[in-house]
Amino acid sequence: MKTKVNYIHGLAIAALMLVSFGLTSCTDYLEKNEESTVSSTDAFKNFNNFQGFTEELYYCIPDFAHTYWNNSFNWGDDIIISYGIDYLMGYKIDNGDFWGWQSEHDGWSAAWTDGTDAVANSDDRLVKRMWPLAWYGIRKANQGLANLDLMTDCTTEEKNLIEGQLRFFRAWFYMEMIPMFGGLPYLTEVPSSSVTLNYARLSYQECADLMAEDFRAAADLLPIDWDKTSAGAATYGNNQQRINKIMALAYLGKNYLYAGSPLMNYESTGSATYNATYCQKAAEAFAELLTLVENGETQYDLVDFDNYSDIFYTFKENGKQPGSTEVLFNTPDYDHWMGSGYCLGPQYVTKWAGEDKSVVFSPCANYVNYYGMDNGLPLDDPDSGFDATHPWKNRDPRFYNDIIYDGLQVIQGTGAMSAENLAAEVQYANLYTDGNYRDISSASRTGYLLRKFTPLTVNVYDEGLRDWADQLNIQVPWLRLADVYLMYAEAAAQAYQSPTARASGYSKTALDAVNVIRNRAGVPNMNSKYSSTLDGFMSELRRERAVELSFEALRLTDLRRWMLHDQYPYTIKTSQEFIRVYHDTNDPTQSEVRNFTESVILTRKFTSKHRWFPLKQADVTLYEGFEQNPGW
């Protein structure tokens, strides 16, 4: 039995949408036999029934990294798609076509696409779409909150669990929409069928204040660990993804930081600066969370760098889900195809390591440049030691973890064909200019390939695509602990205008928090030439976010909220061009190149209108007062 979300244009989701039971009517939104109907009273009378109602909210979370066979979710200056692939969302973003998130504008392979096939209660990742399901989820959360008093056969703990989840999800769906579109109507009730559409758009910060009330209430109502509650005993050991206090605090802080960021502050107040008040609130929420974590009162902790890949992928035969102790919020594991080698893995593999390729997502050279040196300095620092004749030498350890660079042995010959029988042109990533791992349509366009989300065995020679594809489980997290440390650092520094500032009651300064993440990867503390001023600190903090959170679907939002997305050099996508002089097959970090130069592949012509995505025309023409974003 699947709950189908009938497609209704946009904000017909916001009111008409909510009036008619969200995206459906109360009589036709379930495929069910007449005798299976549960009365409205029975649906809410006890914890088991009400939790069953609430569970559907989890299945409204899109799997943005596995929407289809090729998955475009990095829309910043970080990835470029194979030449000629003009149907993916990343291509549309590169061309300034922000309409592309909408199905009527040929949006494809974006979890945002509204589509006609959005389904809430389904384990099929292909029918998860943020725009319709967010409004459906908001309606559902409001319906649950309106009926909370009908839950009489329950304990206080059980009632708190239900209310906490409902309030979290209502805010979370807005948290995913307003950073894209700006302020929206914040709906807190299910209107009657006679309602007149008059829901005005709020400012970003007005929305953020209401979201904060919901996130704060959720944090106060929910436990840290469901396994330690009476209600959670029935699903003991399987409660990792249930909404808890730590998740609510993390999103409370993120909500406040975003509200205090230059773009959001400009939309709300006209000042293109950080808002210190919101940043202070963000720092306090993050500090509350991090204090609990560092005192050992939670199930969360940073993963050791030796086990860093556990955050992003595991093998199902090991019985572990990706995320380990670091990920706070992940997409549900919808089906066995999710994260398998059939989709997300091969899109980063060239024709030489995979099957016939038509789409490859290459890390842009301009972005890879953010990976500095192992002494902690950026490449362009005169003291960094970067040598353009040995560009892979002594780099930040995360460079080697995340990036496939020239000369790296990518195929080991552990499968049916031994290494001795594999030609060098197959075994090694020949990413020098005109190398066979370089091709604008079927291999790397930039001189780099991505390995952050996949083991090197994602190729047809080692394990064979069909051998490992069902075993490999890849998940790109929505939110993880490292992000919390970096957001805390940004919030604290901007709240108090100093890298050495800290939130009240928490031991770590903004600078300390950044160094925690750097040190985890084996990178030294931020150099004093940067940490001594707020501007220098912010420059390195932005670089640290680029490296630590690389390719995790955050970059365009970061650039937009900092109001940098339309400024050089963030508008260019480049390749590295070079000639290989010496290839050290035992240690390719020592290989030598010459004529190491950078070439611009693409320049994105963004303007002020690209600060926000356009709303659906069908929504903004529903009634006066629901306005389109500027420039669209």
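Here is a walk through the fold, from the overall make-up down to a few helices and one loop residue. This is a predicted model, in which local features need pLDDT of at least 70, side-chain atom pairs count only at pLDDT 80 or more, and totals for chains, interfaces and linings use all residues. Residues are numbered from 1 along each chain as its sequence is written, and side-chain values use heavy atoms, with hydrogens and water left out.

Let's start with the whole chain. It holds 20 helices and twelve strands, where helices (H or I, at least four residues) and strands (E, at least two) are DSSP runs numbered from the N terminus. Of the 632 residues, 62% are buried; buried means under 20% relative accessible area, exposed means over 50%, and partly exposed is in between, with a 1.4 Å probe and protein chains only. Take the contacts (heavy atoms within 4.5 Å) with a separation of 6 or more, and 71% of them join residues 24 or more positions apart.

Now for the inside. The largest nonpolar core (buried Ala, Val, Leu, Ile, Met, Phe, Trp, Tyr and Cys residues joined through side-chain atoms within 4.5 Å) has 189 residues, and F168, W172, Y174, F329, Y488, F537 and F613 touch the most other members. Helix 6 (residues 156-181) gives this core its largest share, 14 residues. Setting aside neighbours within four places in sequence, W172 is in contact with I61, M130, F215, Y251, F329 and W478.

Next, a helix pair. The axes of helix 8 (residues 245-260) and helix 15 (residues 481-496) come within 10 Å and cross at roughly 40 degrees. Axes here are lines fitted to C-alpha atoms, for helices over the stretch in contact, and angles run from 0 to 180 degrees between N-to-C directions. The two helices are therefore oblique to each other, since angles under 35 degrees count as roughly parallel, over 145 as roughly antiparallel, 65 to 115 as roughly perpendicular and the rest as oblique. On helix 8 the contact is made by A250, K254 and L257, and on helix 15 by V484, M487, E490 and A491.

Helix 15 turns up again around helix 16 (residues 510-520), which has eight of its eleven residues buried. Those buried residues pack against helix 12 (397-402), strand 10 (479-480), helix 15, helix 17 (528-531) and helix 18 (534-548). Just after helix 16, G522 takes a positive phi of about 85 degrees.

Finally, a loop. N307 lies between helix 10 (276-294) and strand 4 (313-315) and is partly exposed, with a relative accessible area of 39%.
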